[in-house]
Amino acid sequence: MMTDEQISWIDVNPGKTIVGSNNRSILFGGLGPRHEVSINYNFKISKIPVDYNKAEELLERDNLHIASESEWELASVSYTHLTLPTTP
């Protein structure tokens, strides 16, 4: 059984980032046109993506949530060693 202590976490400070796409992605369920997003809170994010099954287990048991695309983007521009998740 995995615990959140076994995950390598990084601290992310508040900041601004750009999300979205200019290729009409909103038609395909994307975030829409590129736009700036402000995140006004500190948070922790896993240094590498957590396996889906392990993540589900942690979400059910611990006080954790799945990072939003904006949170991942802010973390990725803050930490070049962060591994972004891939879309299946």
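**Group meeting: helix α2, the core and the salt bridges**

I'll start with helix α2, whose buried residues pack against β1, β2, β3 and β4. β2 covers residues 15-19. Which residues of α2 are buried? They are Ser70, Glu71, Trp72, Leu74, Ala75 and Ser76. Before I go on, please keep in mind that this is a predicted model.

Now the overall layout. The protein chain has two helices and four strands. Along the sequence they come in the pattern β-β-β-β-α-α. The protein chain has 88 residues, and 23% of them count as buried. Its accessible surface is about 6,500 Å², and carbon and sulfur atoms hold 52% of that. As for contacts, take those in the protein chain with a separation of 6 or more: 66% of them join residues 24 or more positions apart.

Next, the nonpolar core. How many residues does the largest nonpolar core have? It has 10. In sequence order they are Ile10, Val12, Val19, Val37, Ile39, Phe43, Ile45, Trp72, Leu74 and Ala75. At least two residues of this core come from each of β1 (9-12), β3 (35-39), β4 (43-46) and α2 (69-78). Which element gives the most? That is α2, with three residues. Trp72, Leu74 and Ala75, which I named among the buried residues of α2, are also members of this core.

One core residue, Phe43, takes me to the aromatic rings. A search of the whole structure gives one aromatic pair. Its members are Tyr41 and Phe43, with 5.9 Å from centre to centre and 55° between the planes, and the pair is classed as tilted. If you wonder about those two values, a pair of aromatic rings is described by the distance of the centres and the angle of the planes. Are the two partners buried or exposed? Phe43 counts as buried because its relative accessibility is 10%, under the cut-off of 20%. Tyr41, at 40% relative accessibility, counts as partly exposed.

Let me stay with strand β4 for two more residues. The first is Ser46, which is found in that strand. Ser46 has a relative accessible area of 8%, so this residue is buried. Where does a polar atom of its side chain point us? To the backbone oxygen of Ile48, at 2.9 Å.

The second is Lys44, also in strand β4. With a relative accessible area of 53%, Lys44 is exposed. What does Lys44 touch, leaving aside residues up to four places away in sequence? It touches Trp9, Ile10 and Asp11. With Asp11 there is a polar contact between the two side chains, at 2.8 Å. For anyone looking towards Leu64: that residue is 20 residues from Lys44 in sequence, and the C-alpha to C-alpha separation is 9.8 Å.

That brings me to the salt bridges. How many does a search of the whole structure find? It finds three. One of them joins Asp11 and Lys44, with the closest N and O atoms 2.8 Å apart. Asp11 sits in strand β1 and Lys44 in strand β4, so this pair ties together parts that are 33 residues apart in sequence. Asp11 counts as partly exposed, at 44% relative accessibility.

The other bridges involve Arg61. Arg61 forms a salt bridge with Glu57, the closest N and O atoms being 3.2 Å apart. Both residues lie in helix α1, residues 52-61, and they are four residues apart, about one turn of the helix. Arg61 also forms a salt bridge with Asp62, and here the closest N and O atoms are 3.8 Å apart. Glu57, Arg61 and Asp62 are therefore best shown on one slide, as they are linked in a network of salt bridges.

How accessible are the members of that network? Arg61 has 35% relative accessibility and counts as partly exposed. Glu57 is at 29% and is partly exposed. Asp62, with a relative accessible area of 24%, is partly exposed.

To close, two items to take away. Helix α2 gives three residues to the largest nonpolar core, and its buried residues pack against β1, β2, β3 and β4. Asp11 in β1 and Lys44 in β4 tie together parts 33 residues apart.

Notes
Residues numbered from 1 in each chain as written. Predicted model: local features only at pLDDT ≥ 70, side-chain atom pairs only at ≥ 80, totals over all residues. Heavy atoms only, no water. Core = buried A, V, L, I, M, F, W, Y, C linked by side-chain atoms within 4.5 Å. Buried < 20%, exposed > 50% of the residue type's maximum accessible area, 1.4 Å probe, protein only. Phe/Tyr/Trp six-rings, centres within 6.5 Å; stacked < 30°, edge-to-face > 60°. Polar contact = N/O pair within 3.5 Å; in protein donor to acceptor, adjacent residues only side chain to side chain. Contact = heavy atoms within 4.5 Å. Areas by Shrake-Rupley, 256 points an atom, 1.4 Å probe, with all protein chains shown as cover. Salt bridge = Lys/Arg side-chain N within 4 Å of Asp/Glu carboxyl O.
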